[in-house]
Amino acid sequence: MTDDVLTPDQISALKTTVAGLMPGLRKDLEDLTRIPSVSLDAFDQAQVEASAEATAALLRAEGLEVEIVREGGRPAVIGHIDGPQGAPTVMLYAHHDVQPPGADEDWDSPPFEPTERDGRLYGRGAADDKAGIMAHLAALRAHTGQLPVGVTVFVEGEEEIGSDSLATILERHGDRLRADAIVLADSTNWALGEPALTTTLRGLIRVVVTVTTLDHGIHSGMFGGPVPDALTTLVRLLATFHDEAGDVAVQGLKSGHAADLEFGEDRLREESGLLDGVGVIGTGSLLDRMWAKPTATVIGLDAPSVAKSSNTLVPTASAKVSIRLAPDEVPLDAYAAVQRHIEAHTPWGAKVEVHLDDQGAGFDADATGPVYDQARAAFTDAWGVEPVDIGVGGSIPFVAAFAEKFPQAAILVTGVEDPDTRAHGANESLHLGEFEKVCVAEAVLLARLGAMKR
């Protein structure tokens, strides 16, 4: 796979060092997790500020020059420490903001009080992505006083709300973030005991579709029959987004092919919680469907609730549709295709408006070259098995932003999660044994990159 730039004794010493660091890393992770740094406007943004300050303090303690930057959005943290003369520079990315916790009753323990059960640490952000911050701290601490590379740490504060100010940060602070390799610790591993590099991500557009058939609500008994209501019309329109097999039926959207890994329906059902008797939809391999083909999911409706509905023909109704895209799809091309589809399939001459709510490009890495070789070797050192290249069906638009801004850098999308992490959901958790391996892998990676022949 790669030249042996590190000896077995060097790798063993790093493993021993990281093992000794774990109690302190866990304490700091728990302290970060207790800060409810939800970046949505409806939540207390003083907590996001507190999270940025806590992150900055952790980096300063490791000798980094640190600044908290704000470019019209939530606070981000940038830290830097030089390495040996002539050594490469590695940029380490994570984010300190988190998703809303949801209903407390859905959690088995308080979402912002980290709690260990069966070898997992539960709490909102315990994995996504405050464990990513701590993996970077682990690599720095493992090399205290003898850092083999220059390191820049960039911890964003609004990833969970779309990274709106990231473009401005990259424009105004890009020279400070420039690096030979970029490690983006916000993804997942293939399974417990099986590490992975994420080499493809789907893109995203999110649209709001509003259908109007009447200028006011009217009695459903008196006029129902010849007069279409907006909600029924909207439902019929949304149904055209899929064919009978469950594949997306929007003409013009790209489809791709995923890595050839073994992933059966039993594993899909176990990891997703799909109920017995509910069929799997779509065609092609399961990984093609999850990583490389488009999807269309209705994620919200504006319509009368069941509890408060009346016998009325609804005059207007809206739906928010999340559409995942093949990794190489251009988001605005996809939006144009969706617009054409809606115009062609809106029933009964209803009035329809389409609004682009969000967009993000996918990512398709050319995961070859010496940096990738050393990354795979570092994963093998940490886990004892070779990593696999995976795709992820979710969208992380900032990855494409980094790839565009720093085209010469090798971009490594790594992560602390596993299939049972439940990021964004209730009972989010971090597998502590896997977390130690993640920390070892990053510490070894820095050593390998510093030792490469240049």
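Let me begin with strand 8, residues 196-201, where six of the six residues are buried, so this strand is largely enclosed by the rest of the structure; buried here means under 20% relative accessible area, with exposed over 50% and partly exposed in between, using a 1.4 Å probe and protein chains only. Please keep in mind that this is a predicted model, in which local features need pLDDT of at least 70 and side-chain atom pairs count only at pLDDT 80 or more, while totals for chains, interfaces and linings use all residues. Residues are numbered from 1 along each chain as its sequence is written, and side-chain values use heavy atoms, with hydrogens and water left out.

Strand 8 pairs with strand 16, residues 388-392, in the parallel sense over five bridges, and T198 stands opposite I390 there. Strand 8 also pairs with strand 15, residues 363-364, but in the antiparallel sense and over two bridges, with D364 as the bridge partner of T200. Two strands count as paired if DSSP finds at least two bridges between them, and the elements themselves are DSSP runs numbered from the N terminus, helices being H or I of at least four residues and strands E of at least two.

Now to the open sheets. Four strands, in the order 11-13-9-14, form one with antiparallel pairing; strand 11 (295-302) and strand 14 (351-360) stand at its edges with a single partner strand each, so one side of each is left without a neighbour in the sheet. Within it, strand 9, residues 203-212, is joined to strand 14 by nine bridges, one of which partners T212 with K351. Helix 6, residues 230-239, packs on this sheet, and its direction makes about 15° with that of strand 13; axes are lines fitted to C-alpha atoms, for helices over the stretch in contact, and angles run from 0 to 180 degrees between N-to-C directions.

Another open sheet has three strands in the order 4-5-18, also antiparallel, and helix 12, residues 432-451, packs on it, touching strand 4, strand 5 and strand 18, where contact means heavy atoms within 4.5 Å.

What, finally, of the largest nonpolar core? It has 97 residues, and F154, F402 and F435 are among those with the most contacts inside it; such a core is a set of buried Ala, Val, Leu, Ile, Met, Phe, Trp, Tyr and Cys residues joined through side-chain atoms within 4.5 Å. Helix 12 contributes the largest share, 12 residues.
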